[in-house]
Amino acid sequence: MCIVFVEYRIDASYRLPYLEWSQRLRDDFPQVEMYEGTDQPGLFVELWSGLSDEQYRFMRAVRNRKDEYAAEPGAWDGIDPERWASLGQWVPGGCAKIHIWQFQKVK
């Protein structure tokens with residue numbers, strides 16, 4: 001078991017489409033929690049729980065627009081990589097500014 005932490009800033013002019021996108025994400029994936037910075041409006045984090053290593057690698061590749069996600073068909077059945085990757089158009093600096101880390105419980 002792991003948690004995945006995703007952090008990014010959304011350009012204020014894209015706030016509404018982002019909020020619509022994030023609601024669909026939460027509807028589709030109950031294992032994600034989303035937060036917005038109270039001291040830094042527009043700074044968002046996602047906390048994902050219970051992802052497999054394969055799901056984490058797929059998410060990271062899609063969010064960073066890497067081609068290797070095509071090599072993992074079925075990693076998350078029903079996910080449209082383009083829908084996930086659309087986040088990059090709302091982040092100042094693009095996909096390179098979407099930070100994703102995987103954490104495992106300390107044993």
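User: Is Pro92 buried, partly exposed or exposed in this structure?
Analyst: Happy to start there, and do keep in mind that this is a predicted model. Pro92 sits in the loop between α3 (81-85) and β4 (99-104). Buried would require under 20% relative accessible area and exposed over 50%. Pro92 has a relative accessible area of 41%, so Pro92 is partly exposed.

User: Which residues is Pro92 in contact with, leaving aside its neighbours within four places in sequence?
Analyst: One useful clue is Tyr8, which is 84 residues apart from Pro92 along the chain, with their C-alpha atoms separated by 8.9 Å. With neighbours within four places in sequence left aside, the contacts of Pro92 are Arg9, Ile10, Asp11 and Lys97.

User: Where is Glu46, and is it buried or exposed?
Analyst: Glu46 belongs to strand β3 (residues 43-49). The cut-off for buried is under 20% relative accessible area. Glu46 has a relative accessible area of 0%, so Glu46 is buried.

User: Which side chains does a polar contact join to that of Glu46?
Analyst: Good one to look at in the viewer! Beyond four places in sequence, Glu46 touches a list of residues including Val4, Trp21, Leu25, Arg63 and Leu87. Tyr8 is also among those residues, and a polar contact of 2.6 Å joins its side chain to that of Glu46. A second side-chain polar contact, of 2.8 Å, joins Glu46 and Trp48. The names you want are therefore Tyr8 and Trp48.

User: Which parts does the salt bridge of Glu36 and Arg15 tie together?
Analyst: The side chains of Glu36 and Arg15 meet in a salt bridge, with 2.8 Å from N to O. Because Glu36 lies in strand β2 (residues 32-36) and Arg15 in helix α1, the pair ties together parts that are 21 residues apart in sequence. Glu36 counts as partly exposed at 29% relative accessibility, and Arg15 likewise counts as partly exposed at 34%. The parts asked for are strand β2 and helix α1.

User: How many salt bridges are there, and how many residues apart are Glu54 and Arg57?
Analyst: The count comes to 2 salt bridges. Glu54 forms one with Arg57, where the closest N and O atoms are 3.8 Å apart. Glu54 counts as partly exposed at 42% relative accessibility, and Arg57 is partly exposed with a relative accessible area of 41%. Both lie in helix α2 (residues 53-63), separated by about one helical turn because they are 3 residues apart.

User: How far apart in space are Gln23 and Met34, C-alpha to C-alpha?
Analyst: Gln23 is found in helix α1 (residues 15-28) and counts as partly exposed at 36% relative accessibility. Gln23 and Met34 are 11 residues apart in sequence, and their C-alpha to C-alpha separation is 9.5 Å.

User: Which residues make the nonpolar surface patch?
Analyst: Phe103 is a friendly place to begin, as it is found in strand β4. Phe103 counts as partly exposed, at 43% relative accessibility. The patch has an area of about 290 Å², and its members are Ile3, Trp101 and Phe103.

User: How many disulfides does the structure hold?
Analyst: A disulfide would need a pair of cysteine sulfur atoms within 2.5 Å. Cys2 is buried at a relative accessible area of 6%, and Cys95 also counts as buried, at 16%. As for disulfides, the number held by the structure is 0.

Technical notes
Residues numbered from 1 in each chain as written. Predicted model: local features only at pLDDT ≥ 70, side-chain atom pairs only at ≥ 80, totals over all residues. Heavy atoms only, no water. Buried < 20%, exposed > 50% of the residue type's maximum accessible area, 1.4 Å probe, protein only. Helix = DSSP H or I, 4+ residues; strand = E, 2+ residues; numbered from the N terminus. Contact = heavy atoms within 4.5 Å. Patch = residues over 30% accessible without salt bridge, like charges linked within 9 Å, V, L, I, M, F, W, Y side chains within 5 Å. Areas by Shrake-Rupley, 256 points an atom, 1.4 Å probe, with all protein chains shown as cover. Salt bridge = Lys/Arg side-chain N within 4 Å of Asp/Glu carboxyl O. Polar contact = N/O pair within 3.5 Å; in protein donor to acceptor, adjacent residues only side chain to side chain.
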